[in-house]
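Trainee: I should like to go through the model displayed below, beginning with its sheet and ending with its pocket. May we start with the terms?

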Amino acid sequence: MGESIKLRYDVNGEDFVTCGQASEDVKRTLKGIGIPSATIRRVSIAMYEGEINMVIHGGGGVAEVEIFESKITIVLKDTGKGIADIEKAMQEGYSTATEDIRELGFGAGMGLPNMKKYSDEFAIESRVGQGTTVTMTINFQEDA
């Protein structure tokens, strides 16, 4: 592949209809350059969960994706309210989503756990009142 491919997306924090378009575009790009489908699946899940979290909790933000020879790095940045207790937020089923969000079918408390599960490297930095940055690295996996 040579040099890395860099993609950048603005995630609208007010719009559940367009949420997921960035992960769909990344999926299309990865298919187009011949990345193994097992890797595409992991990237798609991790990135979609991140987009949803950015809309629900972060007021939107920026998703930056870099595709290398053997891995993909995803950096999601928002300037939302931040996460007061990261350890608690990483527990499956824990959610601070409002009832309105839950009625839409979101806010089950699986976003951050799924992001970590489908990443080979996962880091989260958050400051209350300033926002959150999640960095995920997904190594290429050959299809079974």
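Mentor: Two strands are said to pair if DSSP finds at least two bridges between them. Helices (H or I, at least four residues) and strands (E, at least two) are DSSP runs, numbered from the N terminus. This is a predicted model, in which local features need pLDDT of at least 70 and side-chain atom pairs count only at pLDDT 80 or more, while totals for chains, interfaces and linings use all residues. Residues are numbered from 1 along each chain as its sequence is written, and side-chain values use heavy atoms, with hydrogens and water left out.

Trainee: Over how many bridges do strand 3 and strand 5 pair?

Mentor: One pair of bridge partners links Leu-76 to Val-134 in strand 5. Strand 3 and strand 5 pair in the antiparallel sense, and the number of bridges is eight.

Trainee: Which strands stand at the edges of the sheet?

Mentor: The sheet is open, with five strands in the order 1-2-3-5-4 and antiparallel pairing. An edge strand has a single partner strand, so one side of it is left without a neighbour in the sheet; this applies to strand 1 (5–12) and strand 4 (121–127).

Trainee: Which residue in the turn between strand 4 and strand 5 has a positive phi?

Mentor: Strand 4 and strand 5 pair in the antiparallel sense over seven bridges, and Glu-121 stands opposite Thr-137 in strand 5. The two strands form a hairpin with three residues between them, and the residue with a positive phi, about 85°, is Gly-129.

Trainee: What angle does the direction of helix 2 make with that of strand 3?

Mentor: Strand 1 is joined to strand 2 (residues 60–67) by eight bridges, and the two run antiparallel. Helix 2 (residues 37–56) packs on the sheet and touches strand 1, strand 2, strand 3 and strand 5 (131–139). Contact means heavy atoms within 4.5 Å; axes are lines fitted to C-alpha atoms, for helices over the stretch in contact, and angles run from 0 to 180 degrees between N-to-C directions. The angle is about 5°.

Trainee: Which element gives the largest share of the lining of the largest pocket?

Mentor: On a 1 Å grid over the protein atoms alone, a pocket is an open set of points where a 1.4 Å probe fits, with protein on both sides within 12 Å along at least five of seven lines; lining residues have an atom within 4 Å of a point. Of the 35 lining residues, the closest to the centre of the largest pocket are Asn-53, His-57, Ile-83, Thr-96 and Leu-112. The largest share, seven residues, comes from helix 2.
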